[in-house]
Amino acid sequence: MKTLICIPARYASTRFPGKPLAKIAGKEMLLRVVENARKAATKFENCAVIVATEDQRIVDFCQQNGIDVRLTSDACRTGTDRVMEVVNGLADKPEFVLNLQGDNPLCPGWFIEAVLGEYYKDNSVETVTPVTQLSWADLDKLRENKKTTPFSGTTAVVDENGDAYWFSKNIIPAIRKEEKYRDASEKSPVLRHIGLYGYRTDVLQKATALPEGVYEKLEGLEQLRWIENGIKVRTVKVEYGKYAPMASLSGVDNPEDVERVEAVLAECGEL
């Protein structure tokens, strides 16, 4: 099997221009993401890591640090489109591609391993993404956060194989007689989605060619386009472990997030 971890890293962010090269605790954010990806890649045969960017400054940084990089069009609408452009340009194409966002320095390597491992275990899967089962305390926190930021945090419902029925910015499922469930288990029945995706390459080609879906547009969730078009989304359960505070900040969207990431790393230690 040949697999690829592709890291879209866009310089021209509206809210935070140049953020892939912003330093977090003395190290560029993109370098942190690449190091996490490389550690995970060593667990699998024939797994490569490539950065995809639209800006020469990021290309220069990668070349100075021995990182494989591809310059892509600045017309790409999404990170997924940028990943597809990289794959299309490869002479030796991978069978499975993992899209690891370049602004996610707190993505644990074992999440990457879980997504890749699912494909190595079952290469019939079409797409793979991780979820984490929320404790009741985490569910209470998510409910509180949604009072002020209703579109923060995505939840999922899945079948017995882990294939997703649906994803939503609402908290699903609703829970009748909740106290009974609280007394029975420390974990709630709610799965929170973690925005990390792996795709079989032929499925990635199909997905990027599809028009925007009805529910994708309403919820702002790209994976709903796939489900609307019959593409299965396999979920794998993961745990943050001692790095639990990382669950509240998965990506860097603005300059203020840098301080938040540094605070989490100071509390939890390096990944």
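A contact means heavy atoms within 4.5 Å. The exercises below concern a predicted model.

**Exercise 1.** Determine which share of the contacts with a separation of 6 or more joins residues 24 or more positions apart.

*Solution.* Take the contacts in the protein chain with a separation of 6 or more. Of these, 70% are between residues 24 or more positions apart. The secondary structure that carries the chain consists of 10 helices and 12 strands.

**Exercise 2.** Assess whether the radius of gyration agrees with that of a compact globule.

*Solution.* Begin with the chain length, which is 271 residues. The globule rule is 2.2 Å times the number of residues to the power 0.38, so a compact globule of this length would have a radius near 18 Å. The protein chain has 18 Å, in agreement with that expectation. Along the principal axes, the C-alpha trace spans about 55 × 40 × 35 Å. Buried residues, those under 20% relative accessible area, amount to 53% of the 271 residues.

**Exercise 3.** Identify the buried residues of helix H7 and what covers them.

*Solution.* Helix H7 comprises residues 201-209, and its buried residues are Thr 201, Val 203, Leu 204, Ala 207 and Thr 208. These lie on the same side of H7 because they cover an arc of only 150 degrees around the axis. Their cover includes helices H3 (79-88) and H9 (223-228) as well as strands S6 (96-99), S7 (127-135) and S11 (197-200).

**Exercise 4.** Describe the exposed area and the charged side chains of the protein chain.

*Solution.* The chain exposes about 13100 Å², of which carbon and sulfur atoms supply 48%. Its side chains include 36 positive and 41 negative ones, and the centres of the two sets are 2 Å apart.

Notes
Residues numbered from 1 in each chain as written. Predicted model: local features only at pLDDT ≥ 70, side-chain atom pairs only at ≥ 80, totals over all residues. Heavy atoms only, no water. Buried < 20%, exposed > 50% of the residue type's maximum accessible area, 1.4 Å probe, protein only. Helix = DSSP H or I, 4+ residues; strand = E, 2+ residues; numbered from the N terminus. Arc of directions from axis to C-beta. Areas by Shrake-Rupley, 256 points an atom, 1.4 Å probe, with all protein chains shown as cover. Lys, Arg positive; Asp, Glu negative; His and termini not counted. Charge placed at Lys NZ, Arg CZ, Asp CG, Glu CD.
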